Amino acid sequence: MTKVFFLLSVLLSPYFLLADGHIFVYHRFDDTRYPTTNISTKELRKEFNYLKKHGYKVVPLIDIIKKVNANEEVPSNWVAFSIDDGFKSFYTHGLKVFKEYNYPFTLFIAVKYTEKNYKDYVSWKQLKEISKYGTVEFHSYGHGHFGQMSNQKIKADMDKGLALMKQHLNYEPTLFVYPYGEYDERVSSIIEPYGFKAVFNQNIGAVQGVCSDANDIDRSAVVGSNAHDFKLYLKFQELCGVTFQQPTTYPKNKIVKTVEVTLEDKSIKSADIFISNNGWTKVKVHNGKILWHANKKVKLNRIKIGVKVKSKIKLMVLSK
Ligand SMILES: [Zn+2]
């Protein structure tokens, strides 16, 4: 009886159905000059103790990505750590705490800072030592605002950084973080051919093995003095299993005539559809299909069309 009950409770548990892993971002350690990107090692220990006490498992970042790429659930007690930019304070202060707890981490470096020996950043030699305990991955060469750089400039920046990593660390990175977490469709389309196993943003959120897009993984920054800043309560926000059938290109004459969407979940009876400049409209769903003769006028050259079911949303963007 207990076995059946256990099985049922596992199957019905939201944690089982909506398993969400979490990826966190740190920048500086014990560096009070920059409070908005700093964490004290005292706080870090507090946070690590919190995770330990509550049964969280700290895994290498790549383990979460493997699950996403295999379309498998990420266990909801999985947590991974990333550290951005390659500040020296990670080497001088943070690293010892990670070693103490035997927690894996991934350091994303902006190569220029290391290559040019900026004094606040880790050296190539220190990176070699760091890579004994965690992995070193890629965060661009010059940490520029990709959204404002030409295609050519972005490519040149990427190529330069990757070549230097290969030269100094004999390593070809498989993971990438957008500088400043900034990206749009153009930027993603330039990064995609590099074939990273995953690309990360810095939007607060969680990772859902079946739903998450490996080219757009959310991470939450952790700063401040509260273990609850971990935001472990966060769930993956996007609506899963949505295919937009129509429209698939920017509408002619700026009129969205028909919205046609397929939902994997056939039990859904109603949804809300969003069209830029027109807000939300409630629509019926029949056997997982939405067919709505919208005839809505849009004004923007870059519009969004979205589907919402029970507060989860999936959006797509169409540009002129
Ligand atoms: Zn950065």
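This report covers the cores, helix 4, the strand pairings and the backbone exceptions of one protein.

## Overview

The model is predicted. The protein holds 9 helices and 17 strands. Of its 320 residues, 34% are buried. Contacts reach across the sequence: among those between residues at least 6 apart, 62% join residues at least 24 apart.

## Two nonpolar cores

The largest nonpolar core counts 51 residues. Ile 64 and Leu 107 have the most contacts inside it. Leaving aside residues up to four places away in sequence, Ile 64 touches Gly 21, Ile 23, Val 59, Val 74, Trp 78, Ala 80 and Val 207. Another core lies apart from this one and has 17 residues. Its members include Leu 239, Val 242, Val 261 and Ile 303.

## Helix 4 and its surroundings

Helix 4 spans residues 61-69. Its buried residues are Leu 61, Ile 64, Ile 65, Lys 67 and Val 68. Viewed down the helix axis, these residues fall within an arc of 155 degrees, so they line one face of helix 4. They pack against five elements, listed here by name: strand 1 (22-26), strand 5 (78-85), strand 6 (106-109), strand 8 (175-177) and strand 9 (198-200).

Asn 71 follows helix 4 and has a positive phi, near 60 degrees. This residue sits in the loop between helix 4 and strand 5. Asn 71 counts as exposed because it has 10 C-beta neighbours inside 10 Å, and the cut-off for exposed is 12 or fewer.

## Strand 1, enclosed on both faces

How many of the residues of strand 1 are buried? The count is 5 of the 5, so strand 1 is largely enclosed by the rest of the structure. His 22, Phe 24 and Tyr 26 cover one side. Ile 23 and Val 25 lie on the other, and all of these residues are buried.

Strand 1 pairs with strand 5 in the parallel sense, over 5 bridges. In this pairing Ile 23 stands opposite Ala 80 of strand 5. Both Ile 23 and Ala 80 are among the residues that Ile 64 touches. Strand 1 also runs parallel to strand 10 (residues 220-221), joined to it by 2 bridges. Here Val 25 faces Ala 221 of strand 10.

## The antiparallel sheet

A separate topic is the open sheet of 4 strands, in the order 14-13-16-17, with antiparallel pairing. Strand 14 (279-284) and strand 17 (312-319) stand at the edges. Each has a single partner strand, so one side of each is left without a neighbour in the sheet. Direction ignored, neighbouring strands are turned by 20 degrees against each other on average.

The pairings of this sheet are set out below.

| Strand pair | Sense and bridges | Residues standing opposite |
|---|---|---|
| Strand 13 (residues 270-275) and strand 14 | Antiparallel, 6 bridges | Ala 271 and Val 283 |
| Strand 13 and strand 16 (residues 302-309) | Antiparallel, 4 bridges | Phe 274 and Gly 306 |
| Strand 16 and strand 17 | Antiparallel, 8 bridges | Val 309 and Lys 312 |

Strand 16 and strand 17 form a hairpin with 2 residues between the strands. In this hairpin Lys 310 takes a positive phi near 45 degrees. Strand 16 also holds Ile 303, one of the members of the core of 17 residues.

## Backbone exceptions

Most residues other than glycine have a negative phi, and most peptide bonds are trans. Several places in this model depart from that pattern.

Asn 71, described above, is not a glycine, yet its phi is positive at about 60 degrees. Asn 170 is another case: a residue that is not a glycine, with a positive phi of about 50 degrees. Where does Asn 170 lie? It is found in the loop between helix 8 (151-169) and strand 8. Asn 170 has 8 C-beta neighbours inside 10 Å, so it too counts as exposed.

The peptide bond from Gln 246 to Pro 247 is cis, with omega near -10 degrees. Pro 247 belongs to the loop between strand 11 (242-246) and strand 12 (255-263).

Definitions and conventions:
Residues are numbered from 1 along each chain as its sequence is written. This is a predicted model: local features need pLDDT of at least 70, side-chain atom pairs count only at pLDDT 80 or more; totals for chains, interfaces and linings use all residues. A nonpolar core is a set of buried Ala, Val, Leu, Ile, Met, Phe, Trp, Tyr and Cys residues joined through C-beta atoms within 7 Å. A residue is buried if 20 or more other C-beta atoms lie within 10 Å of its own, exposed if 12 or fewer, and partly exposed in between; C-beta atoms are placed from the backbone. Two residues are in contact if their C-beta atoms, placed from the backbone, lie within 7 Å. The arc is that of the directions from the helix axis to the C-beta atoms. Two strands pair if DSSP finds at least two bridges between them. Axes are lines fitted to C-alpha atoms, for helices over the stretch in contact, and angles run from 0 to 180 degrees between N-to-C directions.
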